[in-house]
Structure formats: C-alpha cells, structure tokens
Amino acid sequence: MALTPRGPSQGFSNPFDRLTTRSLTWGAVVAAAVLAVNVPLTIRNTRQMEENAGWLAHSHEVVNALSNVLVEVRAADVGVLTSAVTRDSLDAAAVELTRQRVIAQLDSLRVLTADNPPQAQRLIAIRDAANARLNRLALFQSAALERGSEAARRLIVARRQTTRTDSLSLAVGAMIAAEQDLLERRARIADATYQQAARSGVFAGMAALVAFLGFVIVLRRELAARHQAATLLSAERERLETTLRSIGDAVITTDPAGNVTAMNTVAEQLTGRDAITSVGQPLDAVFRIPFDPSVSMGEHPVRAVLSGRLSRSALHQVMLRAPDGTERPIDQTAAAIVTSSGQRLGGVLVFRDVSEQRAAQERIRASQQRLQLALRSARMVSFDVPLDGGPISLSENGPEVLGFPEGTVLSSLDAAFELVHSDDLPAVRDTVAQASLTGESFVLVCRVQRATTHDIAWVEVRGEVQQTRDGRQLLTGLILDISDRRIAEQSIRESESRFRSMADSAPVKIWMSDPHGAFTYLNERWYKFAGGSADAADALASPFDRAHPDDRPELERVVRKAHEEHRAYQHELRLKRHDGVYRWVINTATPRFGADGQWLGFIGSIMDIADRKLLEDELRSLARDLSDADRRKDEFLATLAHELRNPLAPLRNGVEILRLAAPSPEILERTRGMMERQLVQLVRLVDDLLDVSRISSGKLELRVEPLTLDTIVSTATESTATHFATRGQRLNITLPKTPVNVRADAARLSQVLANLLDNASKYSPRDTTVELSVDTTPTHAVIAVRDQGQGIPRHLLSRVFELFTQVDRTLERTTGGLGIGLTLVKRLVEMHGGTIVAESEGQGKGSTFTVTLPLVSAAPPQPPSAPLANQPEATSSDSSDADGLSIVICDDNIDAATTLESILKAGGHRVTTVHDGHHAIELARTTRPAAMIIDLGMPVLNGFDTAARIRALKEGRDIVLIALTGWGNEDYRRRAREAGFSHHLVKPVDLVVLNELLGRIMQEHPQPVHTTI
C-alpha cells in the first residue's frame, strides 16, 4: 500500500534576506524589542510542537489498540468456524479468553479517548459490535459442542444468510478514519506553528549580533522540532498502512474528489491492480463493478457518501471485474471519512471476496435438492411437529405420499391425526404421547386415508422427541410408504402356498434345507422314490443317506463347501430307490436368503438322469472326435481374423493418411509402399485359402511341363529375399553341377519352395542361416530346406502337415500365418507325384523339410520369374509438439504402428512408437503418458504381460491402456480386462471411435473402467 502526499512541499524563507547595516544602537533597540516579543512566542511554539508530538504518539496507541481488537475478534471467528467445519476439537474457553483480551484493549482505549467525546462514542459502538460478534461465536460454539458439526454447518449457513454487514469492521474503520482526521488537523497546526516561528525569527534577525545568534539557535530548535513532528507523522502513517494491510478485508480510501489515495494488499489482489499506479486515479477506473442503479440512489456507494447523501452504504453483493476480464462476487460497503467538525476528507470502501461463500451456498442448495430427490425416490417424508402447537413442517413430497392436496398446511398434530385410519389412531396417539414423556425414539406401522385418491396406504413412522434451545418439544422423524412392501408380503404368502402345490405335482424331487443342513421339506415325488410318506417318523431324513458309498465322499465335500460359501451347486450321484436299485440323479441346489440378506439354507431338486447317462456314454466318444475338429476350426477362424486384420489395419490407416490435407511427398511415398506390402500379404493369405479350397474340391489343375530345378529355386529365392533381408538372416543354396529335370507346374512348385523358405525364416531367430540343397537319386530329385529355428516338438511331427496346425500358437510368435501353408505344400507336392517329410530333433534344435520329386530325362531351362520389387522400410515420423494427449504406441507390426502414429500426430497428439513390450514398460515408468495403445500379439513379451507389468508400476496405475489387436473374441476381451486394459479395440479400428475415445480421455481422464468396442 502507498500513501500519496497531502499537498505540495512548502519552502522556508531566508531570515537573513532583509538584514540591513543599521547602527548597532538601533539594532540593539530593535533586537531588544523583537526579543521581548519573540521569546514568549518561541516558547509557546516549542510547547505546541511538543504537544503535537505527544498527540501523534497518542493516535498511534489508539490505532494499535483498535487493530488488536479487530485482529482478536477475527482470529476467534476464524478459529471457531474452522474447527467446526474441519471437525477438529473445539476449545470451549477460546471465545471467553478472546472476550477478556478485547475488554482489556477497550479499557485502554477508553482511557486514551476520555478527552475525545466523538471517539468515546464510537468506542461504545465498537464494544457493542465486538460483544455481539463474540456472543454469536459462543452460541455457534455451543451448538457445535452440543449438536455436532452438522448443526454447526447449519448455523454457518444461517449466519451467512442473516449477516450482511460486518459492523465491527465498519466501526473500527470509522474510528481509525477519525483518528486520521485528528492526525491531519494536528499536522496543519504544526505547520502553522512553524510559520509563526519563522516570522518571529525574521524579526529577531534584525536585532543585534547577540539577538541574531539567539534567533539562529531558536530557529534551529524549531526546525528540529518540525522535522521530528514530520517523522512522527510519517511513522504514524506507516503504522496505519500496516494496520490496513493486516485487515482481512480489502480497503480503498479516496480523497473528496473520489480519487484513490491508498489501498491495501487485499485490495490489490482482488482488483488486480498495483497500489502505486492506482493512487491518484478515479475510483471507477480501479474498482470496476457492473453498476446497479437501484443502489445508493443511482450512484456509486463511495460517490454517494462523498456527496453527503449517505454517511455509510448498506452491505450488498456485486461482481468485481479484474483487468483480464474475470469476475468474482464481492460484498462491499462504503463510508465517509468525516472530521469532528463535519468536514468530509474522503471515503473508505471495504469489500471482501465471497466466492467461497457463494460456492458453499450452491453446495448446500445442491445437497438439499439431492435430499429431496432421495426422499421422493424412496417415497419417504420428513416431518417436524411442535408438540405445544403450531403448523407441521413436511418435506416437499409430503402431499404426494400422504395423499392430501398440494398447498394444504397441517396446522397441528391433531390435523395430522385426522389422516390416520380410525382403527390405528388410538395406538398412534398412545405411542406419540409416550415418546413425548420418555423422550425415546419410536417405530410404528399404521394406515392413512389418502384424500386425493381415497385409498388406504400403509406407512412406517420413525420419530423421536427433541428439546429445542428455547425448551420446546419438537417431534421429528421420517414417514416411509410401505404399501408396496405389504402387498409383497401378502404376495409371498400366496406364492408359498402355490409353491407347495406346484412342488408336490412336479415331475422332479424337490427339497429344502435350513442353514444347518437339516431338511425341512420334501415333495411327494421324493416319497414315491424312497417308498415312504410325509407322515412317517423319518419323513425328513436326509435324502443323501441313500447315496452310493462310492459317491458319498465327493457328495459330502461338495455340500460342505457350498454351505461354507453359501453358493449354488450341482452334483451327479447315484441314489438307492425303494426297490434297492441305484439310479443316476443330478442334484441341483440354490441358496436362499432373506430380505435382509440372512442365510436361510438351500432349495434343490433331484432329477433322474439314468437314461441320459446311457445316451451320454454313446455320445461321448463322438464328442471327443468332434471336439478336436471344432477346436482346430475355432483356432483357425480366430487366426484368420487376426491375420486378415493385421494388413487391414495399416491399409485403413494409410487411407486415412491420404485423406489428410496436403500430406508431404515423403509421407505419401512411405504410405504407398506400406499399402503395397500389406496388400501383397493380404493377397497371399487369400490365395492360400483359395488354393486349399481348390485342392480339397479337386478343382486345382497343374500345368505340368519339363523344367529344371535351378530355375524353380531361383524364382523361389528371389520372392523370399526381402523376408530374409528384413529378418537379418542368410540363405545358403547348394545345387548339383548338372541340371536336375522334373515335370512340374513352375508356378506351383515355386510356391512350394517359397512357402518352405518363408516358413524356415519365420521360425528362425535373427542372424541365423537357412540352407536349401538339391540332390538326386537314380529316380528322384531331393530338395531339403534346413533352418536353425525353434524346431518342432516330437508330438507335432506327425500332424505338422494337417490343416490349421501351427507349431507356435502363443501370442509371442514372431510372425503370423493361418496354419495352412504346410498343408498346401504337402498337397501340391503329392499332386506332382512326390512326397514331403518333416524332421526335427526337438524344441529349439531347428527343423528340416525334405521334398522328393520324380526325375525326367531332360527339361528346357525356364527364365526366372521377375523378382518382387524391393519394399521400402517403414520409418517413424517426426515427433509432434502439438498440444494433446501423450500417447505411446506399442506394436511389432511396423507399418500399422507407423500409420497410426501419423494419424494421431495429425490430430494434435504427442506420440511415441515402440515395437516390443519392454520398451513400452520403460516409457510408462519414465514418461508416464496419458494413454498407451498396445498390440496383444507381440514377440518376446505379449500385450497381456506388458499391461500387467505396467499396472504393477506406481507410475502406471493412472495410465489409460488400450488394446488394439486382431484378436477380438470374448476370451481375449476377458483376458484384456484381467490384465488391466481400460479399452479393447479390434483391428482395423474405426478411427472415429478411436478419436472419440481419446477425446473422452482428454476431457475426463477417469480411473480406468473397461469398455469394449
């Protein structure tokens, strides 16, 4: 806060400017005369300045005492309210201790202002305001101690609604303003005293040399006194600034013209303006509020008090607008700074931020709305009934539940009794009367007559009698409409009767047991099976006593576990019929629970399944045969969906990239190359499927002609060269020196060798060698493909050529495939009259595929097939600095990951791409992205394990994990949920759906909740 100068600085005239060279005699005479007059004046002026200094110290004490009073009361106010709201312990003596300290300060102020009647009068107002505020705090503290924090919060709300003006702050501010007025008047008196002393010095200077020296000494004393007085005045103003700075409310003072003269730190914060630059500016330029013509006769409150039409404006709420345009609600009041003579020296504006108060009121309003909604949903009515007379207070849904017209007011307890059914009225009256005498709570059930619908409703009334602070009795509680429950109870009784009738006529044996396992009911069908009757002494003996001895241990285990866990069970066993024959039955039991969740036992049924058992034995053998075929079919369909989605996902992403506005040539070329590679893969999958279908249906025809094997080998190796280069592998080819001639279809035989080479590369690690050798026997050509890969388990060697069989069916397999490649190879070789054999020493020891074809005498050389064009390597795009989510893509399919990265970056997200799970886990730990898009089928570490490890990290708990994969069946979705994925998207993903999902993550970023798209 800054203070502005009160006026221009006044200079001093030189007392020696008018000295003349008159004779010493005249000078002595004049000096003597001047001294005779000047000495008393000097003494009087000196005493006056000393008196002014004393008054400055006096004002300082007054201001300090006032500040202490205000600080003590506000500290007590904040301490009590904070303890109640935060539910901390309340110090019952805190308010009284504050009251004692305030009384001590007020007593010292009374002594200080004893000679100032206006200030003494203001002190009385301060005393009254402080006592009133401390009394309210004591009342609030008592309520919090007696009735708890909830009652205290209700008093806070009531206090905020009724208290509109902080009378203590206004009274203290007015007294401080009056003390400032006294300071300014005393400053003017000091200035006048100084002027008079200066004139006396001029006259004294005309005296003799001795008088001149005495004048100089007096003048210097007076200058020192003036400097001291100015220093004291500056210190007093600094103390006043400190006082205003310590006040919790914002304060702005103005001069009579309405220009800002000072503002404290709180005012700077609320207005958003600096005090130094604001001083001297019009108040409207600093304190900007939407103007309300209804307030202060159409004028700003400060303008109104400066003009004299108001001495103080009422506290009211407005919106304060900061320089940046933001607005906040404030409470404001203004008062005039008036001297004891009635002169207006300016105005003071006091305001405070009430944003939290308004928010609290909004929360209370919302809480009340939720309470009314809960009461309405539960058909529950709250009531307050004064037992000594007066209207009854009901919640909003009272007329609807109790059935009287809207707007009707129940004027007394007797009016409420008129709603009660006449048969229940005596009991209701007795219960209420007893509760009013004992003060105990009560619960009763009665009927009420609805006036609007003329029907009878059952209600449950829960209430108690409370004592108010003024000693009155208040009956308060809840009324619950239980008409539906009564109807349900009646329905249950009727249902039980129907159940027994149906159970006795049911074709199965029905039983019921209690929580301890004892049987409480058996139907007629059981008695016919057991050969007894319901009237026999052992009628309710356990049916399980008739279990076959071999089945009894398992039966007891199942039943005991079901009783312990209170869960349903189903068990097959053999029970002995009355004729001694054991029959296979299936016992099914369901747990029973009461309305309150109490465990009641089991209800079960026993069905004869002996005939079904015979059929099951006959069908079981057939089911085993079909099971394997069905499993392999399901695996193939899942694999087919996955392998088709893998190329479709980058193709779809590539199409989306091409739709983007003006993509760069580099992106276009990279996208085109990717789409060509994926299209070739897709065509190959479709061709394999069609070839298998043609061979199976006998529609595939070979175009056989004489060929040399070196031509076929050249074509096959050229078509697979890219795969070997991409995987960092070597291919060694060994051919005989003389041509080897066979009769074959060049394209199909090349397809056989290409599939074998691709298969060897697919299941071999990087930096290994695959060998292709051609040899001959007298009658056959022998082609062998050897690799150093994962090998083939011995139990799969006999099945490796079967349809849909794959050696590696884990998610970590290095590449895809449908499991039909080797089947296709075997059938094509057999169509050429040859054979193929698979050999392997076991897991991790490589494998060898040997093809044997019949030789012919000679075959003309064939030109090699055109090699496949080199495919460009996928590269990751540059990182983006655009605003958006931080996203990590983890997919071993480089094309799919790269295209998705380009799409997300074009959408403004920050994207990092990795191709294995370990790198994804490291990024989750170090960078903590908002979301991670993870493929499930990856080598080394699959997506499920990657997600589980990320969720195990402290940094990974809040990351949104999205599974983006070609595996879309329910089993994979379930496993994704269990691993910690928040969402599951199936390739090729709908980019609109993906963008909507990312948009929701940006807006809400909730705790992960699993969804499936």
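**Exercise 1.** Which residue in E5 does Val338 stand opposite?

*Solution.* This is a predicted model, in which local features need pLDDT of at least 70, side-chain atom pairs count only at pLDDT 80 or more, and totals for chains, interfaces and linings use all residues. Residues are numbered from 1 along each chain as its sequence is written, and side-chain values use heavy atoms, with hydrogens and water left out.

Step 1: find the strands. Strand E4 covers residues 327–338 and strand E5 residues 344–353; strands (E, at least two residues) and helices (H or I, at least four) are DSSP runs numbered from the N terminus.
Step 2: check the pairing. E4 and E5 run antiparallel and are joined by nine bridges; two strands pair if DSSP finds at least two bridges between them.
Step 3: read off the partner. Val338 stands opposite Arg344.

**Exercise 2.** State the strand order and the edges of the sheet that contains E4 and E5.

*Solution.* Step 1: the order is E2-E1-E5-E4-E3, an open sheet of five strands with antiparallel pairing.
Step 2: E2 (260–263) and E3 (316–321) are the edge strands, each pairing on one side only.
Step 3: from one strand to the next, the twist averages 35°.

**Exercise 3.** Do the same for the sheet that contains E13 and E14.

*Solution.* Step 1: five strands in the order E12-E11-E15-E14-E13 form an open sheet, again with antiparallel pairing.
Step 2: its edges are E12 (519–522) and E13 (569–576), each of which pairs on one side only.
Step 3: neighbouring strands are turned by 25° against each other on average, direction ignored.
Step 4: eight bridges connect E13 to E14 (residues 582–593), and Arg574 stands opposite Trp584 in E14.

**Exercise 4.** Classify the packing of H25 on H26 and of H19 on H20.

*Solution.* Step 1: H25 (residues 943–952) and H26 (residues 970–979) pack at about 20°, with axes 8 Å apart. Axes are lines fitted to C-alpha atoms, for helices over the stretch in contact, and angles run from 0 to 180 degrees between N-to-C directions.
Step 2: H25 is therefore roughly parallel to H26. Angles under 35 degrees count as roughly parallel, over 145 as roughly antiparallel, 65 to 115 as roughly perpendicular and the rest as oblique.
Step 3: H19 (residues 709–726) and H20 (residues 746–762) pack at about 40°, with axes 8 Å apart, so these two helices are oblique to each other.
Step 4: the crossing of H25 and H26 is right-handed, and that of H19 and H20 is right-handed. Right-handed means that the near helix is turned clockwise from the far one by less than a right angle, left-handed anticlockwise.
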